[in-house]
Amino acid sequence: MSNSVAFRTPDISLPDGIADCYLAHPADGAQHPGVLLFPDAYGLRPVIREIMETIAADGFTVLAPNVLYRSGRSPVLPMPDRRDPAGHAEFFKKLGPVRAALTPAKSLQDAAVYLNYLAASEFCAPGAIGVVGYCMGGRMALRVAAAYTTRIAAAASFHGGRLAEVDAPDSPHHSIGDATAELFIAHASADQSMTPADIEVLERSLKSAAVPHTSVVYPDTAHGFTMRDTPVFDEQAYQRHLNDLLALLRRNVPEHPRR
């Protein structure tokens, strides 16, 4: 399916402030299944819009919030140059306090509002939706799938970090067994935030809870491989991720026309 796409920038009111957001949907006047997309730590920017519009062209209504809205509108911090690894390292040093304000409890509180926004949207069909996240957004996507089981039909994490911190009580692997959605989790082959040992811990949790899932390592990739505006972008892995994501959504988030 390939649709022309409409793009909007709504603001959403939350208990702790206003989140600026991206919204992409087929420009056909119809309602389409919903997808909630959690960006990586760099936030809303052209590469996120590109991914959203690709998903929307396949027949979905996609909402991506500025999850760091408590610290300001996007861009919360200036995006470093793609060719400057040192600049990206400095970005993450400055981002530490900003990310700390988004606790797991706060992220789930916010997610409930985003889900309600999609449910009420004139562009979104009723029924369970898909959720996808990148890097820190992957962690959020898995938490949302475990917390809002009746509302999430499919969840995907791409190069999600810190998904299986054994000593952290809020690590996603502790709660992921509550999920009923089909999960797709793609790891980078070189990722200090998700090592082979961490992947093994996560997969044990998924298997012991009999959660329908795919956990796969994309070869020759680094953490952040889907992001075109970073030094680690990998075009082949980017295209593979789109194919895997759209296949997951098509299987689990079909059309739900209003009556």
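In the predicted model, helix α4 is the largest contributor to the lining of the second largest pocket, supplying 4 residues. Helices α2, α3 (104-120) and α4 each provide at least two residues of this lining. The volume of the second largest pocket is about 240 Å³. Its lining comprises 15 residues, among which Leu102, Pro104, Arg139, Arg143 and Arg162 are the closest to the pocket centre. Classified by residue type, the lining of the second largest pocket consists of 6 charged, 6 nonpolar and 3 polar residues.

The largest pocket has a volume of about 410 Å³. A total of 21 residues line the largest pocket, and those nearest its centre are Tyr42, Phe92, Cys135, His223 and Gly224. Two elements, α2 (85-100) and α4 (136-147), give two or more residues each to the lining of the largest pocket. Of the elements, α2 gives the most, with 4 residues. The lining of the largest pocket divides by class into 9 nonpolar, 7 polar and 5 charged residues.

Helices α2 and α4 thus recur in the description of both sites: each gives two or more residues to the lining of the largest pocket, and each supplies at least two to that of the second largest pocket. The leading contributor is α2 in the largest pocket and α4 in the second largest pocket. Helix α3 likewise supplies at least two residues to the lining of the second largest pocket.

Notes: Residues numbered from 1 in each chain as written. Predicted model: local features only at pLDDT ≥ 70, side-chain atom pairs only at ≥ 80, totals over all residues. Heavy atoms only, no water. 1 Å grid on protein atoms, 1.4 Å probe; cavity = no way out; pocket = protein on both sides within 12 Å on 5 of 7 lines; lining within 4 Å. Points joined across faces, edges and corners; volume = space filled by probe spheres on them. Nonpolar A, V, L, I, M, F, W, Y, C, P; charged D, E, K, R; others polar.
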